[in-house]
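Student: I am new to this structure. Could you show me how to read its main features?

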Amino acid sequence: MWSCERVVGADLDVEEVLGLYRASTLAERRPVDDVERFARMLAGANLVVTARDDRGRLIGIARSITDGAYATYLSDLAVDAAHQGEGVGRELIRVTAEAAPQATIVLLAAPKARAYYPRVGFTAHDSAWMLDGPEA
């Protein structure tokens with residue numbers, strides 16, 4: 001079994017989180033080879049929810065930025081591939097939404113995850129725009 005809880009991103013062990021991103025395939029689209037930048041990503045998120053198994057091993061994370069009143073940008077949802085299909089992602093999303101109940105959750109889906117989000121209640125939006133940074 002596993003459980004989810006809200007945590008402070010800066011308090012997480014960066015190497016442990018990097019291992020989860022690699023185990024979930026999210027590492028394909030995140031700067032996992034730049035540990036300092038990745039640590040800033042964790043510290044800068046003001047709403048972080050983790051999932052851990054009975055032994056305390058990190059098996060999932062939802063990393064978000066929210067104003068708590070209008071919008072929550074769910075920037076990362078990562079679940080260890082060995083635990084996908086067990087409801088971990090759904091619970092991470094539920095706890096994230098519960099932390100900012102008035103806010104709408106917004107996300108950009110990874111190509112492999114596009115079919116997942118409609119199954120957990122998200123609707124597609126046709127006017128999302130991106131302006132990549134210099135180190136995207």
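Tutor: We will go from the whole chain to the sheet, then to one strand, one residue and the ring pairs. Keep in mind that this is a predicted model.

Student: How many helices and strands are there in the protein chain?

Tutor: Start by counting elements. The protein chain has four helices and five strands. Then read them in sequence order. The pattern is β-α-α-β-β-β-α-β-α.

Student: How compact is the protein chain for its length?

Tutor: Compare its radius of gyration with the value from the globule rule. The radius here is 14 Å, and the rule gives 14 Å for 136 residues, so the protein chain is as compact as a globular protein of that length. For outer dimensions, use a box along the principal axes. The C-alpha atoms fill roughly 40 × 35 × 30 Å.

Student: What share of the residues is buried?

Tutor: Buried residues make up 40% of the 136. Look at the surface too. The protein chain exposes about 8,200 Å², and carbon and sulfur atoms supply 53% of that area. Then check how far contacts reach along the sequence. Take contacts between residues at least 6 apart: 59% of them join residues at least 24 apart.

Student: Now the sheet. In what order do the strands lie?

Tutor: Sheet order is read across the strands. Here it is β1-β2-β3-β4-β5, in an open sheet with mixed pairing. An open sheet has edges. The edge strands are β1 and β5 (104-106), and each pairs on one side only. Next comes the turn between neighbours. Neighbouring strands of this sheet are turned by 25° against each other on average, direction ignored.

Student: Which strands does helix α2 touch as it packs on the sheet?

Tutor: Helix α2 touches β2, β3 and β4 (71-79). The direction of α2 makes about 65° with that of β3. Helix α3 (residues 88-99) also packs on the sheet. Its contacts are with β1, β2, β3, β4 and β5, and its direction makes about 155° with that of β4.

Student: How do I read the pairing of β1 and β2?

Tutor: Look at direction, then at the bridges. Strand β1 (residues 2-7) and β2 run antiparallel, joined by six bridges. Next, pick out partners. Ser-3 stands opposite Arg-52 in β2. Glu-5 has Thr-50 as its bridge partner.

Student: What joins β2 to β3?

Tutor: Six bridges, again in the antiparallel sense, pair β2 with strand β3 (residues 58-66). Leu-47 stands opposite Ser-64 in β3. The two strands form a hairpin with four residues between them. In that hairpin, Gly-56 takes a positive phi near 90°.

Student: Why is strand β2 described as largely enclosed?

Tutor: Count its buried residues. Six of the seven residues of β2 (residues 47-53) are buried, so the strand is largely enclosed by the rest of the structure.

Student: Can we zoom in on one residue? Is Thr-50 buried or exposed?

Tutor: Use the relative accessibility, where buried means under 20%. Thr-50 has 1%, so this residue counts as buried. Thr-50 is found in strand β2. Now list what it touches, leaving out residues up to four places away in sequence. Thr-50 touches Ser-3, Cys-4, Glu-5, Val-7, Leu-12, Leu-58, Gly-60, Ile-61 and Leu-92.

Student: Last topic: rings. How many aromatic pairs are found in the whole structure?

Tutor: The search finds three. For each pair, read the centre distance and the angle between the planes. Tyr-21 and Phe-38 are edge-to-face, at 4.9 Å centre to centre and 85° between the planes. This pair links distant parts of the chain, 17 residues apart: Tyr-21 is in helix α1 (residues 14-24), Phe-38 in helix α2 (residues 35-44). Tyr-21 counts as buried, at 0% relative accessibility. Phe-38 counts as buried too, also at 0%.

Student: How are the rings of Tyr-117 and Phe-122 placed?

Tutor: Their centres are 5.4 Å apart and their planes are at 80°, so this pair is edge-to-face. Tyr-117 counts as buried, at 11% relative accessibility. Phe-122 is buried, with a relative accessible area of 18%.

Student: Which rings are linked into a cluster?

Tutor: Ring pairs link Tyr-116, Tyr-117 and Phe-122 into one cluster.

Note on methods:
Residues are numbered from 1 along each chain as its sequence is written. This is a predicted model: local features need pLDDT of at least 70, side-chain atom pairs count only at pLDDT 80 or more; totals for chains, interfaces and linings use all residues. Side-chain values use heavy atoms; hydrogens and water are left out. Buried means under 20% relative accessible area, exposed over 50%, partly exposed in between (1.4 Å probe, protein chains only). Two strands pair if DSSP finds at least two bridges between them. Rings of Phe, Tyr and Trp (its six-membered ring) pair if their centres lie within 6.5 Å; planes under 30 degrees apart count as stacked, over 60 as edge-to-face and the rest as tilted. Axes are lines fitted to C-alpha atoms, for helices over the stretch in contact, and angles run from 0 to 180 degrees between N-to-C directions. Contact means heavy atoms within 4.5 Å. The radius of gyration is taken over C-alpha atoms; the globule rule is 2.2 Å times the number of residues to the power 0.38. Accessible areas come from the Shrake-Rupley method with a 1.4 Å probe; for residues, only the protein chains shown count as cover.
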